[in-house]
Structures are given as C-alpha cells and as structure tokens.
Amino acid sequence: MAVLPIITAPDKRLKVRSEPVTAVDAELATLMDDMLETMYLAPGVGLAAPQIGVTKRVIVVDVGKTEEDRDPYRMANPELVWTSDERSVYEEGCLSLPEHYADVERPERIRVKYIDENNTEQELEADGLLATCIQHEMDHLEGVLFVDHLTSLKRNMIIRKLQKTKKMKAAAE
Ligand code: NI
C-alpha cells in the first residue's frame with residue numbers, strides 16, 4: 001500500500017466531475033487500499049479519489065473510532081437510491097480543507113448502491129455520521145466541497161484563509 005498526497009483547496013482539480021468506473025479490477029482495488037491508508041494516516045473518516053488527483057467515482061469511508069473497530073467501506077460508482085426527509089446537522093471537516101470546520105445539514109438516513117472492492121454490487125443503508133460521511137465523499141465526485149453548502153460569506157472566508165495558507169507554504173519552500 002502507498003500513502004498518496006492529498007490536494008488542498010483552492011484547486012481546480014477539486015471542482016471537476018469524476019468519471020464512472022467500468023469495473024473494479026485489481027488496479028482499482030489497490031487504489032482503494034491506498035486511499036484508505038492515506039485516509040487513516042491523515043487522519044480522516046473519508047476520502048474521495050479526486051482528492052488524490054484521480055477523477056474516478058471512487059470513495060472510501062471508515063467512521064470507526066479506534067484501530068480495533070475499523071470498518072472500512074470501499075465504494076465505486078456510489079449512487080443514492082433513497083434519502084430520508086428527516087435531516088441532521090454535523091460539524092464537517094475535509095482533508096482538502098485542513099483545519100476548517102462548519103455545520104452542514106444533510107438527510108439523516110440514506111440508502112446507497114455501489115460496487116465494492118470485489119466488483120460486486122452492494123446496497124447499504126446508513127444513518128448518523130456514516131450517512132453524512134458518505135454524502136460528503138459523494139459530493140467530491142461532483143466537484144462539490146462542504147463549504148459549497150454554506151453561505152457565500154462563510155465559504156469565501158474559509159477559501160481566502162486556505163489561499164493564504166497555501167501562499168505562505170509556497171513561500172517557505
Ligand atoms: Ni472532503
């Protein structure tokens with residue numbers, strides 16, 4: 001497995017719509033493992049392929065709190081087949097927007113269809129943090145970041161700070 005560099009905002013590669021995969025082959029299964037390893041190290045609870053510069057509809061998610069209760073999901077072509085009318089609010093963060101957090105409202109429960117690491121179609125019903133996390137990662141496949149759910153005032157404030165951090169980092173290199 002390999003740890004991959006994560007792209008941080010603002011970056012136009014994070015605004016692209018990712019392409020569906022035709023099948024999960026050995027190469028894609030390895031990519032999923034690499035994404036998980038990258039996510040665990042960061043550490044984070046989800047990662048989408050465009051965050052590592054791969055514009056494919058692939059996400060990984062694991063909301064387990066400790067190494068012992070790891071419960072990773074590897075999903076290709078995830079698609080919401082149902083969402084609850086009931087909504088919930090979570091404070092979200094993103095490995096591509098380090099150190100920024102904000103409340104985002106989304107459907108509380110979802111049913112998601114996807115292709116797993118064995119190229120088998122699966123359906124999962126999720127709620128709570130897992131449901132939020134899957135929806136957050138699926139947004140990345142549309143080029144949507146969690147700040148895009150905020151008011152433009154809040155969004156611009158965060159993006160400006162990220163831009164500043166980037167400039168400072170570039171100047172230090
Ligand atoms: Ni994210």
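Trainee: What percentage of the 173 residues in the chain is buried?

Mentor: Buried residues account for 43% of the 173 residues in the chain, and please keep in mind that we are looking at a predicted model.

Trainee: How many helices and strands are there in the chain, and what pattern do they follow along the sequence?

Mentor: The chain has three helices and seven strands, and reading along the sequence you meet them in the pattern α-β-β-β-β-β-β-β-α-α. The radius of gyration is 16 Å, close to the 16 Å that the globule rule gives for 173 residues, so the chain is as compact as a globular protein of that length.

Trainee: And what box do the C-alpha atoms fill?

Mentor: Taken along the principal axes, the box is roughly 45 × 40 × 35 Å. As for contacts between residues at least 6 apart in sequence, 65% of them join residues at least 24 apart.

Trainee: Switching to the metal: which residues are the protein donors of the nickel ion?

Mentor: The nickel ion has Cys-94 (SG), His-136 (NE2) and His-140 (NE2) as its protein donors, at 2.1 to 2.2 Å from the ion, and the spacing of these donor residues in sequence is C-x41-H-x3-H. Cys-94 sits in the loop between β4 (87–92) and β5 (102–107), whereas His-140 belongs to helix α2 (residues 128–140), and this pair, 46 residues apart, links distant parts of the chain.

Trainee: Are Cys-94 and His-140 buried or exposed?

Mentor: Both Cys-94 and His-140 are buried, that is, each has under 20% relative accessible area.

Trainee: Now the sheet: what is the order of its five strands?

Mentor: This open sheet runs in the order β1-β2-β3-β6-β7, with antiparallel pairing. At the edges stand β1 (46–48) and β7 (121–127), each of which has a single partner strand, so one side of each is left without a neighbour in the sheet. On average, neighbouring strands here are turned by 40° against each other, with direction ignored.

Trainee: How many bridges join β3 to β6?

Mentor: Five bridges connect β3 (residues 73–83) with β6 (residues 109–115), the two strands running antiparallel; within that pairing, Glu-79 has Lys-113 in β6 as its bridge partner.

Trainee: Which strands does helix α1 touch, and what about α2?

Mentor: Helix α1 (residues 26–41) packs on the sheet and touches β1, β2 (58–61), β3 and β6, its direction making about 45° with that of β2. Helix α2 also packs on the sheet, where it touches β1, β2, β3, β6 and β7, and its direction makes about 125° with that of β7.

Trainee: One last topic, the backbone: which peptide bonds are cis?

Mentor: One of them runs from Ala-9 to Pro-10, with omega near -5°, and Pro-10 is found in the segment before α1. Another cis peptide bond joins Ala-42 and Pro-43, where omega is about -10°, and Pro-43 lies in the loop between α1 and β1. For context, most peptide bonds are trans, and most residues other than glycine have a negative phi.

Trainee: Where is Asn-77 found, and what is its phi?

Mentor: Asn-77 is found in strand β3, and its phi is near 50°, which is a positive value in a residue other than glycine. Asn-119, although not a glycine, has a positive phi of about 60° as well.

Trainee: Where is the place of Asn-119?

Mentor: Asn-119 is located in the loop between β6 and β7, and because its relative accessibility is 38%, Asn-119 counts as partly exposed.

Definitions and conventions:
Residues numbered from 1 in each chain as written. Predicted model: local features only at pLDDT ≥ 70, side-chain atom pairs only at ≥ 80, totals over all residues. Heavy atoms only, no water. Donors = N, O, S within 2.8 Å, 3.2 Å for Na, K, Ca; no water. Helix = DSSP H or I, 4+ residues; strand = E, 2+ residues; numbered from the N terminus. Buried < 20%, exposed > 50% of the residue type's maximum accessible area, 1.4 Å probe, protein only. Pairing = 2+ DSSP bridges. Axes fitted to C-alpha atoms, helices over the stretch in contact; angles between N-to-C directions. Contact = heavy atoms within 4.5 Å. Rg over C-alpha atoms; globule rule 2.2 N^0.38 Å.
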